[in-house]
Structures are given as structure tokens and as C-alpha cells.
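Colleague: Got a minute to walk me through this one? I'd like to go through it bit by bit.

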Amino acid sequence: MLNQLIEPLQYGFMQRSLIIAILVGLLCAVVGSYLMVQRLALLGDAISHSVLPGLAIAFMIGANIFVGAFIAGILSTIAIAFIKTRSPIKEDAAMGIVFSAFFALGVTLITVIQKDNKIDLNHFLFGNILGVTADEVRDTAIIAAIVLIIVFLLYKELLFYTFDPLGAQAAGLPVNRLNFGLMLLIALTIVASMKAVGVILVLSLLITPGATAYLLVKRLHEVMILGAVIGVISSISGMYLSYFYNLPSGPAIVLVVSGLFVLALLFSPRHGIFASSQLKKQELEK
């Protein structure tokens, strides 16, 4: 067993991949906890799909694709806010309009690039964590450090805003800045996760670890900590499954974290389906 655990670590690409997996699992769980509590999963989906045209344009002009993807993610949040404030369209509809338009543009640009360059950019859709370079590990580590430091420094303000936006506004907190700052953190997290699981699967890592933790603990900081543990364990386990069974790495990670959610949904002491059934049975017996 020990030899099997150590075997992948003798390869440089697996060492880099595991570092990325740990960083992404930790980062997505912490930031995704805010999304889940605010019931804004669709926003994460919207931003993740909206980064595609940015990375495609950055590739075409020879710029850093991380920067291009981040700019596109920010533009999508601005577009959503503009539609929401300047029209009677609700926020969820605005998200659907923006992310579908950005995603369609991104797929179109990637198709055009592939015709001219004969290269495969599909790993941006589904991830290619085994192909990460040392520079990409460095960039992801820098993004993760920035995001986690900001979350730590603004934890109380974001906590207040997340659970009671009207109360936060009445207390004098800059809710618009906090909202935009949270969007920035989400965009940075998605950019950092692109190479690991791709823009299509990143929503699972953003939402599922926090949702799993939410079934097991009560407080937000507990959800973040347990979610981070679940995210890291899922990422590492997915990498080992990918290595030993020749599975695609991104989907393998998502399947593991989804499996842990199903277990929590079934067996959680507070919210588990089986636990609830048992409590009802005991009440009937009384």
C-alpha cells in the first residue's frame, strides 16, 4: 500500500499535479462556501463559462491566458450587474444570458484558433492537470495565497454581508464593494482552477465540498475548514484514481467529491436521509 502511494511521486508531473490539486481543492472550498450560503451557485457557473473568450483572445495575441480569463470573468460580472440594475430582468436571468453568450463566444474563438493552429485547447473545458508546468504551479500558488489572505482579512465583513446584506448595508458596510470583491475572488478561483478541472467542471469543486460540509457542521468557518479538507482529499484521491486506472483527472476529482456528498446526504447525523428516517421511526414508536 505504501509503495503504491509513493510510486506516483517519483514523477515530476505527478508532483506538480498533486500540488495544484491541493491548492485548487482548498481554494474552491473556501470561496465556494460563500456562494453556497448566498444561494448563488449559478453565479459561479456563469463566471466559469464566461472566462473562455478571455483565454482564447489572450492565446491569439500571445498574452498570459490567466490574465485574459480573469478579465473576461470580471467583464461578465459587470455585464450581469448592468443588466440587473438597468432593466427589469432578474439576476438569475441576467446570469443565464451573459454566461451563455460568453461561453458561445469562447467556443467559437477556440474553434477558429484550432483551425489555424492545429492545437488542442479542449483541456480548458475539461482540465488537464497532468500537463501543468512549474510556471502554472507558481501562478496558481500566488492566486491561492492572494485569495486566502483577502478572505482572512475580510472574513467578518463578508460573513455579515453573506447572511444579512440589508443589515450590512444598514450598519454602514460598503456592500457594493463587498459584492464586487466577492466576484473578484470567485473569478480568481476559477482562473486558478482552469487547468485542474476545466471551466465546465469547476462549479462542482466550488459548490460540492461546501455543500457536503454544510450537511455536517453549522457555522461558516466550520463549513470552510471541513470543506477545504474534503476538497483536498477529493483532489488527491481523484489524482491517484486517474494515475492507477488511467481516468481523466478532472472528472475523477469531481466524481470523488460528488461521492462524498452522496455519503453525507445519506448518513449525516443532522440532515442525512437515513438519520431523518430513523428519527421519524423513533418518534412514531414513542
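**Helices, pairs and a patch**

Modeller: Sure, and keep in mind that this is a predicted model. Helices α9 and α12 are roughly perpendicular to each other.

Colleague: What angle do α9 and α12 pack at, and how far apart are their axes?

Modeller: The angle is about 110 degrees, and the axes are 11 Å apart. That counts as roughly perpendicular because the range for that word is 65 to 115 degrees. Helix α9 covers residues 155-163 and helix α12 covers residues 220-245.

Colleague: Which residues make the contact?

Modeller: On the α9 side they are Tyr155, Leu159 and Phe163. From α12 you get Leu220, His221 and Met224.

Colleague: OK, new topic. How many salt bridges does a search of the whole structure find?

Modeller: Two. One pairs Arg138 with Asp135, with the closest N and O atoms 3.6 Å apart. In the other, Asp139 pairs with Arg138, and there the closest N and O atoms are 3.1 Å apart. Salt bridges that share partners join Asp135, Arg138 and Asp139 into one network.

Colleague: Why can side chains like that pair at all?

Modeller: Side chains of opposite charge can pair when their charged atoms come close.

Colleague: And where do Arg138 and Asp135 lie?

Modeller: Both are in helix α8, three residues apart, which is about one turn of the helix. An α-helix has 3.6 residues a turn, so residues three or four places apart point the same way.

Colleague: Is Asp139 buried or exposed?

Modeller: Asp139 counts as buried, at 17% relative accessibility. The cut-off for buried is under 20%, so 17% falls inside it. Arg138, on the other hand, is partly exposed at 45%, and Asp135 is partly exposed too, at 46%.

Colleague: What about nonpolar stuff on the surface, which residues form a patch?

Modeller: The patch is made of Ile142, Ile146, Ile149, Ile150, Phe152, Leu153 and Leu154. Together they have about 670 Å² of accessible area. Take Ile146, which lies in helix α8, residues 134-153. Ile146 is partly exposed, with a relative accessible area of 40%.

Colleague: Let's jump to α4. Which of its residues are buried?

Modeller: Leu52, Pro53, Gly54, Leu55, Ala56 and Ala58 are the buried ones in helix α4, which spans residues 52-61. Just past the end of α4, Gly62 has a positive phi of about 80 degrees.

Colleague: Where does Met60 fit in, and what does it touch?

Modeller: Met60 is in helix α4, and it counts as partly exposed at 47% relative accessibility. Leaving out residues up to four places away in sequence, Met60 touches Leu109 and Ile113. Met60 and Ile113 are 53 residues apart along the chain, yet their C-alpha atoms are separated by 7.3 Å.

Colleague: Last one: which residues does Ser193 contact?

Modeller: Not counting neighbours within four places in sequence, Ser193 is in contact with Val24, Cys28, Gly198 and Val202. Ser193 lies in helix α11 and is buried, with a relative accessible area of 0%.

Colleague: And Ser204, what does that one touch?

Modeller: Ser204 is also placed in helix α11, residues 175-214. At 16% relative accessibility, Ser204 counts as buried. With residues up to four places away in sequence set aside, Ser204 touches Pro209, Val254, Val257 and Ser258.

Terms used. Residues are numbered from 1 along each chain as its sequence is written. This is a predicted model: local features need pLDDT of at least 70, side-chain atom pairs count only at pLDDT 80 or more; totals for chains, interfaces and linings use all residues. Side-chain values use heavy atoms; hydrogens and water are left out. Patches are made of residues with over 30% relative accessible area and no salt bridge: like charges are joined within 9 Å, nonpolar side chains (Val, Leu, Ile, Met, Phe, Trp, Tyr) within 5 Å. Accessible areas come from the Shrake-Rupley method with a 1.4 Å probe; for residues, only the protein chains shown count as cover. A salt bridge is a side-chain nitrogen of Lys or Arg within 4 Å of a carboxyl oxygen of Asp or Glu. Helices (H or I, at least four residues) and strands (E, at least two) are DSSP runs, numbered from the N terminus. Buried means under 20% relative accessible area, exposed over 50%, partly exposed in between (1.4 Å probe, protein chains only). Axes are lines fitted to C-alpha atoms, for helices over the stretch in contact, and angles run from 0 to 180 degrees between N-to-C directions. Angles under 35 degrees count as roughly parallel, over 145 as roughly antiparallel, 65 to 115 as roughly perpendicular and the rest as oblique. Contact means heavy atoms within 4.5 Å.
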